[in-house]
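Student: I have just opened my structure and would love some help reading it. Could we go through it together, one question at a time?

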Amino acid sequence: MEFNEYQDKANRTLYGNEQVLTNCALGLAGESGQLIDLIQNYTFMGKDLDKDQLIDEMGDVLWYLSQIAQWADIDFDDVAKTNIETLNKRYPNGFTGL
Ligand SMILES: [Mg+2]
């Protein structure tokens, strides 16, 4: 699935009013925390890292990111493309250490 297609499909479940951007920002923080909890529990608590849970939480983060882009009238494809361009400029030979 392409990023713009995802953005469009995710938008079907966007909700809110004039506070939608704030809601998306807060939701992004909350869902990022859920993703971090999984990793923290794996790294420090000896719990299994459940791939399905990872996929779910990463999807939740992706949803909020896509809808912040939607609110700002930014194609989600452009977010991904710009990020890769930035990485290619910053690390033209890949990350080779600090
Ligand atoms: Mg979640």
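Tutor: Happily, and what follows is a set of short questions and answers on this predicted model.

Student: Let's start with the metal. Which residues coordinate the magnesium ion?
Tutor: Look for donor atoms around the ion, at 2.0 to 2.2 Å. In sequence these donor residues follow the spacing E-x2-Q-x22-E-x2-D. The residues that coordinate the magnesium ion are Glu31, Gln34, Glu57 and Asp60.

Student: How many residues apart in sequence are the parts that Glu31 and Asp60 tie together?
Tutor: Begin with the helices: Glu31 sits in helix H2, residues 20–45. Asp60 belongs to helix H3, residues 51–71. The pair therefore ties together parts whose separation in sequence is 29 residues.

Student: Is Glu31 buried or exposed?
Tutor: The cut-off helps here, because buried means under 20% relative accessible area. Glu31 has a relative accessible area of 14%. For contrast, Asp60 has 29% and counts as partly exposed. Glu31, then, is buried.

Student: Now the charges. How many salt bridges does the structure hold?
Tutor: One of them joins the side chains of Glu5 and Lys9, at 3.0 Å from N to O. Another is formed by Glu85 with Lys81, where the closest N and O atoms are 3.8 Å apart. The number of salt bridges in the structure is 2.

Student: What separates Glu5 and Lys9 along helix H1?
Tutor: Both residues are in helix H1, 4 residues apart. Glu5 has 35% relative accessibility, so this residue counts as partly exposed. Along the helix, the separation of Glu5 and Lys9 is about one helical turn.

Student: And in which helix do Glu85 and Lys81 lie?
Tutor: These two are 4 residues apart, about one turn of their helix. Glu85 is partly exposed at 37%, while Lys81 is exposed at 51%. The helix, residues 76–90, is H4.

Student: Which residues gather in a patch of negative charge on the surface?
Tutor: Asp8 is a good one to start from: this residue lies in helix H1, residues 3–11. Asp8 has a relative accessible area of 52% and is exposed. The residues gathered in the patch are Asp8, Asp73, Asp75 and Asp78.

Student: Is Ala10 buried or exposed?
Tutor: Ala10 has its place in helix H1. The relative accessible area of Ala10 is 6%, and the cut-off for buried is under 20%. Ala10 is buried.

Student: What about distances? How far apart in space are Ala10 and Lys89?
Tutor: Along the sequence, these two are 79 residues apart. Going from C-alpha to C-alpha, the distance between Ala10 and Lys89 is 31 Å.

Student: What separation do the C-alpha atoms of Met45 and Asn11 have?
Tutor: Met45 lies in helix H2 and is exposed at 54% relative accessibility. Met45 and Asn11 are 34 residues apart along the chain. The separation of their C-alpha atoms is 36 Å.

Student: One last pair: how far apart in space are Lys51 and Gln34?
Tutor: Lys51 is found in helix H3 and is exposed, with a relative accessible area of 63%. Gln34 you have already met as a residue coordinating the magnesium ion. The two are 17 residues apart in sequence, and their C-alpha to C-alpha distance is 14 Å.

Definitions and conventions. Residues numbered from 1 in each chain as written. Predicted model: local features only at pLDDT ≥ 70, side-chain atom pairs only at ≥ 80, totals over all residues. Heavy atoms only, no water. Patch = residues over 30% accessible without salt bridge, like charges linked within 9 Å, V, L, I, M, F, W, Y side chains within 5 Å. Areas by Shrake-Rupley, 256 points an atom, 1.4 Å probe, with all protein chains shown as cover. Salt bridge = Lys/Arg side-chain N within 4 Å of Asp/Glu carboxyl O. Lys, Arg positive; Asp, Glu negative; His and termini not counted. Charge placed at Lys NZ, Arg CZ, Asp CG, Glu CD. Buried < 20%, exposed > 50% of the residue type's maximum accessible area, 1.4 Å probe, protein only. Donors = N, O, S within 2.8 Å, 3.2 Å for Na, K, Ca; no water.
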